[in-house]
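Colleague: I should like to go through this model with you, one topic at a time. Please give the reasoning behind each answer.

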Amino acid sequence: MARFFRASILVLLGICFCGTAWAQKAERPLLVCSTTQVADFARQLVGDDWEVRSVLGSGQDPHTYEVNTEDAALVNRATLCAENGWNLEGGNWMKQIAESANKPLVTCVTGVKPNMLDHHGKSIQDPHAWFDPANAWQYVKNLRDALAKIDPKNRDAYFSRAEAYQFQLVALDGWIRRQVGLIPAERRVLVTHHDAFGYFCQRYRFQAHSPQGWTTGELTDVSLEQRQAVVERIRALGVKAIFIETTLNRELLQQIANDAAVQIGGELYSDAMGAPGTAGESYIGMMRENVVTIIAALK
Amino acid sequence: MRPILCLLGTMLLVASIYAYTKFADRVRATASIVSLQQASGDFSAEITCTFDCEPSTAFDLPAIEVRLADQIVVARSEELPRLTRLVVERLPQVIVGRNEIIVQAHVSEIGDATESGCLRIQVFQDGAPVAEETFWSEPGQPLVTGAIIFVATSNSDVESP
């Protein structure tokens, strides 16, 4: 009987070994993205054909992120890398690790018409372009073209999936327009921690105000004057609510809310999407959740 | 003896599962060849929108697009003012049997677009109307789409389903 069990175990181990060998044979190419948004766009295009990994997780700030050896090892295994660009990844960290690993890199903002910002007297491109669904479509096109170039035999699949996602983005844009139409024009003021929502505000005709500049990498630089200027602006415009961001400390905004005697309208997803299982786990979910929060507070 | 029997039994089991997954569909599927016959007669379509159609440069969409049998028949990149009839003459590839025309129109992006858009599609054979449908969009949706199905019979009589 003992021999029978031993033989059975050997056979089972053999089956497991064969299964592992098959699985290794079917190993998928790896696409490493810098941010959760870029990773979500990539997943819409590749389906199950590629493994998609994001260097940043939910709630992590790309401006201040410091790469580690695990990230470098991940990029070393990559077939293709993708970044947002325009220095969203503080110090262009994604570009640096992709270049040092000699991996092809897609910069998703390529072809987007930039909003220019003043940064210490220097004009720079606002990197938060994904907040306009039309720019998100440009991200998707750049990823689609890079995938089709690197894997031409699946070109039609990438183009078909991109077209399907294009209609979801168009529908999202229409839905946001309809929702925003519920807020009177004079109440369309979005006060957030940092200048992440410029493209959103431009498309849906909001005024944007924030005590912080375009990057969160200089949090200590928020001066009393800057804070006071935002408080006065909130009072002057009769703003009903201001919003904190999921990736940032809420203290500064709480102080401003207290000073200006307005309420915190809720948390908005800004530089990163939500954790798996939350409403903000996908780009479309994140945008919808943000709009629902904004409408509920400002209507 | 027992280990060998065990090994053979396991191999038989794995081989049976493999064979089932590999060949079961092939055994079940019955293949038949249906030749598509071009329908005779002159087919045309008229499309009328209650909104201004405008191409979307942001999303790379034409103002209005008409597809038949998954082929793009018309992709108009110029604006089409509201209540202007777009006539598509001599629809190609109308076959005997069910045919589907899909129309997709992009609403002008001016304003917050809180109104519904309406799209009317009519299909004619030799000038006589054979099918007609009206489609409404959700308020604010920038795309209004509709699909109309008509059946062309072998003697080129056409009926709407």
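Colleague: In which strand of chain A does Met116(A) lie?

Modeller: A caution comes before the answer, since this is a predicted model. Strand β5 of chain A covers residues 116–119. The strand that holds Met116(A) is therefore β5(A).

Colleague: Is Met116(A) buried or exposed?

Modeller: Apart from residues up to four places away in sequence, Met116(A) touches Ser123(A) and Gln125(A). Within 10 Å there are 10 other C-beta atoms, and a residue with 12 or fewer is classed as exposed. Met116(A) is therefore exposed.

Colleague: How many Å separate the C-alpha atoms of Met116(A) and Gln254(A)?

Modeller: Along the chain, Met116(A) and Gln254(A) are 138 residues apart. In space, their C-alpha atoms are separated by 28 Å.

Colleague: Is Asp126(A) buried or exposed?

Modeller: Asp126(A) is found in the loop between β6 (122–125) and α5 of chain A. Its C-beta neighbours inside 10 Å number 22, and the threshold for burial is 20 or more. Asp126(A) therefore counts as buried.

Colleague: Is Asp126(B), in the other chain, buried or exposed?

Modeller: Asp126(B) sits in the loop between β6 (118–125) and β7 (128–136) of chain B. Although not a glycine, Asp126(B) has a positive phi of about 50°. With 12 other C-beta atoms within 10 Å, and 12 or fewer being the condition for exposure, Asp126(B) is exposed.

Colleague: Where in chain B does Arg90(B) lie?

Modeller: Arg90(B) is another residue that is not a glycine and yet has a positive phi, of about 45°. It counts as exposed because it has 9 C-beta neighbours inside 10 Å. Its place is the loop between β4 (85–88) and β5 (97–106) of chain B.

Colleague: What is the order of helices and strands along chain B?

Modeller: Chain B has one helix and nine strands. Of its 161 residues, 29% count as buried. Among its contacts with a separation of 6 or more, 64% are accounted for by residues 24 or more positions apart. Read along the sequence, the pattern is α-β-β-β-β-β-β-β-β-β.

Colleague: What percentage of the residues in chain A are buried?

Modeller: Chain A contains ten helices and ten strands. Of its contacts between residues at least 6 apart in sequence, 59% join residues at least 24 apart. Among the 299 residues of chain A, the buried share is 44%.

Colleague: Which residues touch the most other members of the largest nonpolar core?

Modeller: In soluble globular proteins, nonpolar side chains tend to be buried together. The largest nonpolar core here has 81 residues. The residues that touch the most other members are Ala42(A), Ala82(A) and Leu143(A).

Colleague: How many residues does the second, separate core have?

Modeller: Among the members of this second core are Cys53(B), Ile64(B), Val94(B) and Ala105(B). The number of residues in that core is 28.

Colleague: With which residues is Ala82(A) in contact, leaving aside its neighbours within four places in sequence?

Modeller: The partners include Ala42(A) and Leu143(A), which are named with Ala82(A) as touching the most other members of the largest nonpolar core. In full, the contacts of Ala82(A) are Leu31(A), Cys33(A), Ser34(A), Val38(A), Ala42(A), Val106(A), Cys108(A) and Leu143(A).

Colleague: Are α5(A) and α6(A) roughly parallel or antiparallel?

Modeller: Helix α5 of chain A spans residues 133–150 and helix α6 of chain A spans residues 155–180. Their axes come within 10 Å and cross at roughly 175°. Since angles over 145 degrees count as roughly antiparallel, α5(A) and α6(A) are roughly antiparallel.

Colleague: How do the residues of the contact of α5(A) with α6(A) divide into nonpolar, polar and charged?

Modeller: On the α5(A) side, the residues include Trp137(A), Val140(A), Arg144(A) and Leu147(A). On the α6(A) side, they include Tyr158(A), Phe159(A), Gln166(A) and Leu169(A). The division is 13 nonpolar, one polar and four charged.

Colleague: Which exposed residues lie on the face of α9(A) turned away from its buried side?

Modeller: The buried residues of α9(A), which covers residues 251–260, are Leu253(A), Ile256(A) and Ala257(A). They cover an arc of only 100° around the axis, and so lie on the same side of α9(A). Their cover includes α8 (224–237), β9 (241–245) and β10 (263–268) of chain A. The face turned away carries the exposed residues Glu251(A) and Asn258(A).

Methods. Residues are numbered from 1 along each chain as its sequence is written. Chains are lettered from A and ligands numbered from 1 in the order in which they are written. This is a predicted model: local features need pLDDT of at least 70, side-chain atom pairs count only at pLDDT 80 or more; totals for chains, interfaces and linings use all residues. A nonpolar core is a set of buried Ala, Val, Leu, Ile, Met, Phe, Trp, Tyr and Cys residues joined through C-beta atoms within 7 Å. Two residues are in contact if their C-beta atoms, placed from the backbone, lie within 7 Å. Helices (H or I, at least four residues) and strands (E, at least two) are DSSP runs, numbered from the N terminus. Axes are lines fitted to C-alpha atoms, for helices over the stretch in contact, and angles run from 0 to 180 degrees between N-to-C directions. Angles under 35 degrees count as roughly parallel, over 145 as roughly antiparallel, 65 to 115 as roughly perpendicular and the rest as oblique. Ala, Val, Leu, Ile, Met, Phe, Trp, Tyr, Cys and Pro count as nonpolar, Asp, Glu, Lys and Arg as charged, and the others, Gly among them, as polar. The arc is that of the directions from the helix axis to the C-beta atoms.
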